[in-house]
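The following account leads from a single residue outward to the overall fold. Please consult the sequence and the coordinates as the discussion proceeds.

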Amino acid sequence: MTRTSIDIEAAEAVIADATARASAMGVPQNIAVVDDAGHLVAFRRMDGAKFFSIEIAITKAFAASGARKPTKEIGPATQPGAPGFGAQALLGGRFTTLPGGIPLVVEGAVVGAIGVSSGSTAEDQDVAEAAVEAFNRRWNAGRPARQG
């Protein structure tokens, strides 16, 4: 069986796109890109980004990759009375429903994810969405992910 996963070149391009959006907004960010198994591939802490948000960015990417959906979409299912209530306590704290984590998808398969943290959750989400949009444009232009 062959699996496809984001490589370092593509991960660094995602980070560059996220950095460009965060810079344009004037919001320094921590930006993490993980592969399809949630392993960190690339990371950037912009000057001025909150140091306590480093782990949050990595966790957002990890959760988006593992859940195979944006972290902002997971939140409603984890509220009291919902089927996923308590999920945030799983995986030793490596799970979050905070917005700013989005899977990177190629041909219907998750190849990795981005996590962004240090601004408001709306700013984090905006930066992540901009990076994902650029990734999708780049992928459609023929930039491959790693096969292995």
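Leaving aside its neighbours within four places in sequence, with which residues is Ile54 in contact? In this predicted model, the contacts of Ile54 beyond that window are Asn30, Phe43 and Arg45. Ile54 belongs to helix H2, which covers residues 54–67. Its relative accessibility is 23%, and the residue therefore counts as partly exposed; the cut-off for buried is under 20%. A further reference point is Thr121, which stands 67 residues away from Ile54 along the chain. The C-alpha atoms of Ile54 and Thr121 are separated by 14 Å.

Attention now turns from the helix to a pair of strands. Strand S4 comprises residues 101–106, and five of its six residues are buried, so the rest of the structure largely encloses this strand. Its partner is strand S5, residues 109–117, and the two run in the antiparallel sense, joined by six bridges. One position in this pairing can be located by name: Pro103 has Ala113 of S5 as its bridge partner. The two strands form a hairpin with two residues between them. In this hairpin, Glu107 adopts a positive phi near 50°.

These elements have their place in a wider arrangement. The protein contains four helices and six strands, and their order along the sequence is β-α-β-β-α-α-β-β-α-β. Contacts between residues at least 6 apart in sequence indicate how the chain is brought together: 65% of them join residues at least 24 apart.

The overall dimensions may be considered next. The C-alpha trace spans about 45 × 40 × 20 Å along its principal axes. For 148 residues, a compact globule would be expected to have a radius of gyration near 15 Å; the protein has 14 Å, which agrees with that expectation. Of the 148 residues, 47% are buried.

The surface and the charges complete the description. The protein exposes about 7200 Å², of which carbon and sulfur atoms supply 55%. What are the numbers of positive and negative side chains, and how far apart do the centres of the two sets lie? There are 14 positive and 15 negative side chains, and the centres of the two sets are 2 Å apart.

Conventions: Residues are numbered from 1 along each chain as its sequence is written. This is a predicted model: local features need pLDDT of at least 70, side-chain atom pairs count only at pLDDT 80 or more; totals for chains, interfaces and linings use all residues. Side-chain values use heavy atoms; hydrogens and water are left out. The radius of gyration is taken over C-alpha atoms; the globule rule is 2.2 Å times the number of residues to the power 0.38. Buried means under 20% relative accessible area, exposed over 50%, partly exposed in between (1.4 Å probe, protein chains only). Contact means heavy atoms within 4.5 Å. Accessible areas come from the Shrake-Rupley method with a 1.4 Å probe; for residues, only the protein chains shown count as cover. Lys and Arg count as positive and Asp and Glu as negative; His and the chain ends are not counted. The place of a charge is taken as NZ of Lys, CZ of Arg, CG of Asp or CD of Glu. Two strands pair if DSSP finds at least two bridges between them.
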